[in-house]
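Grab a pen and work through these exercises with the viewer open. Try each task yourself before you read the solution.

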Amino acid sequence: MSMLIIDFETKSRCNLKTAGAYNYAQDESTDVLCCSFIPQDSNDDREFLWYPSEGQLPDKIVKLIKSASLIAAHNAGFDRLIWDFIAVNDYGFPEVDLDDWYCTSAQMRVNNLPASLEDAARALNTRHKKDHRGAQLIRLLSIPQKDGEFHTTPELLAEMGAYCLQDSRTTKGIVNATRLMTQTEHSDWLNNEDINDRGVKIDRPMALAAQTYSNDEFLEIATELALATNGVITRHTQSARAAQWVVERLHSEEARNMMFKYVAGEPKLTLDKQARAALIDADTLGTIELPEDVFTVITLIDEGNQSSVSKFKNMVLRADVETDKVQGAFVYAGASQTQRYASRGLQMHNMPSRNLYKSIDEAWTTYDRMIKGAKIDKPVMQTLKKMLRHAVMPNDGELLVIGDWTGIEARVLPWLSDSDGGNLKLDKIESGVDVYTEAAHAIGTENRAVGKVMELACGYEGGANAFKVFAKSYGVVMPEEDIKPAIDKWRLANSWVVTFWRALESAAIKAVQNPRKTFSAGLIDYMFEPDLIEGTLLCFLPDGSTLQYPKARLERDSFGISVTALKASVKMKADADEWPRESLYGGRLAGHCAQGTAAALLRNLISRVDKVIAHVHDELILSVPEDEADDYLLMLDDAMGFVPDWAEGLPLDAKCEIAERYKK
DNA sequence: TGCGGCGGCGCC
DNA sequence: AAAGGGCGCCGCCGCA
């Protein structure tokens with residue numbers, strides 16, 4: 001295998017960040033500034049740099065490309081588009097098959113390292129100092145200047161070339177300091193590129209109308225806020241100011257206490273959604289009395305705080321002008337701890353799903369009003385929020401087929417534990433026993449909601465805090481002194497999971513103590529590889545895929561020894577000298593294994609199913625020709641119920657439906 | 001003016 | 001045995 005690392009620097013009038021890579025690459029103003037080529041082989045120190053001013057790509061580089069088995073780039077999705085849309089047509093670059101692309105950022109993510117070149121290099125200590133000049137050069141050369149023209153200074157271009165080469169050297173460094181993607185990972189990455197190319201069609205007129213409504217509403221809210229607060233608060237987003245303003249106007253200690261949340265044990269003043277709900281509820285019940293202006297302010301902030309509405313804006317900015325499709329929304333292994341997918345740009349993974357319209361007819365009624373610009377139900381922001389999913393639509397002449405796995409993680413966790421108690425739980429789930437009611441009984445209550453909160457909050461070693469967070473969102477109230485005993489009772493009734501936490505933790509510790517030997521917990525295997533990334537703890541999931549914990553080591557704290565490792569998702573602070581770390585206690589390991597295995601199931605499903613346009617962790621969305629929708633529905637139902645060889649004994653069940661619009 | 005940190009909010 | 005975990009985006013705010 002010979003890999004050629006390439007890197008484009010480009011310029012454009014199109015805003016890459018807001019328009020996305022697909023629009024950027026196809027914008028007529030987009031052009032190449034330079035491109036670097038470096039073989040990945042550490043024994044091969046050739047380097048090539050090409051500028052468009054040299055004319056067509058020289059033969060020796062064309063030969064180099066043709067002799068390479070893979071073309072690698074950091075965020076190869078971007079370089080692939082520049083290559084296909086610009087370099088092949090304008091500069092004689094040879095065509096490269098999709099299958100021959102390789103993404104080094106994806107390689108960082110499968111190694112559980114930060115995705116960006118800069119951060120991956122910092123985490124690996126291969127390059128410490130942030131390259132401010134690089135960012136400066138991008139501002140100088142890649143975007144139009146104030147006069148609307150681009151700099152063409154040869155000196156600056158030469159500096160950009162050097163910067164481009166340096167990036168490729170850094171890429172070569174991090175590629176060779178970490179594990180390459182396996183064939184399966186590479187093929188899953190390619191499947192993701194396919195989905196990104198396909199795109200998600202959005203309803204442009206509806207998204208545009210939504211923006212008009214929300215702009216008007218934001219203005220109105222701002223005016224009323226300023227009026228109610230004498231100009232102290234001028235926007236609903238001024239959270240610190242609003243919290244201060246409100247707390248100063250509360251009469252009772254009890255009311256003020258509702259405005260504190262605890263972060264790492266420290267009390268913090270907040271006027272977040274839960275604090276607002278608590279204040280309003282207590283006022284309604286009469287246990288506290290809110291001054292009228294405070295009530296007004298809280299209500300206004302509630303109405304304004306529908307951040308999801310900004311997705312309408314993203315849809316319009318990112319949709320292709322001709323096809324109305326948003327491409328490139330998914331990131332393979334974007335969640336590096338668990339290898340779940342992430343979604344960016346038009347973030348498909350956090351569309352509002354609660355308190356939506358009960359029937360699609362109600363949604364269509366609102367839709368008609370929106371398209372006409374007529375009045376829609378108040379509060380306006382809530383109405384728009386309800387409509388957001390429906391702005392995602394099938395391709396022309398097609399229908400959506402949506403499938404949703406039932407309680408996937410609640411099944412995966414007991415299955416992974418490979419225990420009698422876990423199997424009993426699976427049997428109950430399969431035979432339709434209501435596990436929430438049962439959990440309620442286990443802790444001595446008939447209240448099913450309490451049981452639900454216990455099940456959701458406790459599976460990953462969550463304590464009283466976790467319980468409270470879930471309890472609030474499900475409207476469950478439990479006296480403080482009852483919480484801890486309830487958790488203890490739940491753990492007693494689910495001792496298989498407590499055993500599994502301890503087993504995972506112990507296997508991880510033993511693995512680090514005994515390099516290259518395998519230690520099991522349930523269906524999970526751990527092994528420590530001392531020569532990978534300063535020592536990496538490998539976690540093998542049942543499908544053979546791995547979760548990685550780089551720079552793993554044993555650390556002693558007040559409770560004893562535990563494994564700690566680099567935490568990719570927390571950004572290293574500018575003045576820090578080591579990348580942030582995390583402690584791998586049993587509950588956290590269990591969470592990673594359950595999410596990771598669910599993600600493995602989804603990847604497996606995606607590799608078997610055609611016409612996928614989107615997915616949301618346990619949900620798959622296809623766009624299929626209308627007259628084939630019934631067939632695809634049956635197919636998807638089968639595909640989602642199919643249990644791969646490696647998952648024998650795991651019951652899978654899905655709800656699938658045909659829909660004219662995306663919905664919950 | 002640009003940035004990094006942080007609070008807030010949405011989802012599974 | 002203490003600990004929910006995993007994300008991305010938006011806007012504010014303080015600092016350089």
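**Exercise 1. Placing a glutamine**

In which helix does Gln26 lie? Find the helix, then describe the surroundings of Gln26.

*Solution.* Start with the ground rules. This is a predicted model, where local features need pLDDT of at least 70 and side-chain atom pairs count only at pLDDT 80 or more, while totals for chains, interfaces and linings use all residues. Residues are numbered from 1 along each chain as its sequence is written, chains are lettered from A and ligands numbered from 1 in the order in which they are written, and side-chain values use heavy atoms, with hydrogens and water left out.

Step 1: Gln26 sits in helix 1, residues 16-26. Helices here are DSSP runs of H or I with at least four residues, strands are runs of E with at least two, and both are numbered from the N terminus.

Step 2: check the exposure. Gln26 is partly exposed, at 37% relative accessible area. On this scale buried means under 20%, exposed means over 50%, and partly exposed is in between, with a 1.4 Å probe and protein chains only.

Step 3: look for partners. Setting aside neighbours within four places in sequence, Gln26 is in contact with Phe85, Asp320 and Gln327; contact means heavy atoms within 4.5 Å. The C-alpha atoms of Gln26 and Thr323 are separated by 13 Å, and these two residues are 297 residues apart along the chain.

**Exercise 2. Salt bridges on helix 8**

Which residues do Glu193 and Asp188 pair with in salt bridges? Work out where each pair sits.

*Solution.* Step 1: recall the idea. Side chains of opposite charge can pair when their charged atoms come close. The cut-off here is a side-chain nitrogen of Lys or Arg within 4 Å of a carboxyl oxygen of Asp or Glu. A search of the whole structure turns up 35 salt bridges.

Step 2: take Glu193. Its partner is Arg80, with the closest N and O atoms 2.9 Å apart. Glu193 belongs to helix 8 (residues 183-198) and Arg80 to helix 3 (residues 76-91), so this pair ties together parts 113 residues apart in sequence. Glu193 is buried at 6% relative accessibility, and Arg80 is buried at 4%.

Step 3: take Asp188. Asp188 bridges to Arg603, with 3.6 Å between the closest N and O atoms. Here the link runs between distant parts of the chain, from Asp188 in helix 8 to Arg603 in helix 24 (residues 586-608), 415 residues apart. Asp188 is buried, at 8%, and so is Arg603, at 7%.

**Exercise 3. An arginine with two things to note**

What is the phi of Arg516, and which side chain does Arg516 meet in a salt bridge?

*Solution.* Step 1: the backbone. Arg516 has a positive phi of about 65°, although it is not a glycine.

Step 2: the side chain. Arg516 meets Glu529 in a salt bridge, 3.0 Å from N to O. Arg516 is in the loop between helix 23 (495-513) and strand 14 (519-521), and Glu529 is in strand 15 (residues 524-529), so the bridge ties together parts 13 residues apart in sequence.

Step 3: the exposure. Arg516 is partly exposed at 47% relative accessibility, whereas Glu529 is buried at 17%.

Step 4: for a linked set, look elsewhere. Arg553, Glu555, Glu578 and Arg581 are joined into one network by salt bridges that share partners.

**Exercise 4. Two more backbone spots**

Where is the place of Pro379, and where is that of Lys611? Describe the backbone at each.

*Solution.* Step 1: Pro379 is in the loop between helix 15 and helix 16 (380-387). The peptide bond from Lys378 to Pro379 is cis, with omega near -10°.

Step 2: Lys611 is in the loop between helix 24 and strand 21 (612-615). Its phi is near 70°, a positive value in a residue other than glycine. Lys611 is partly exposed, with a relative accessible area of 24%.
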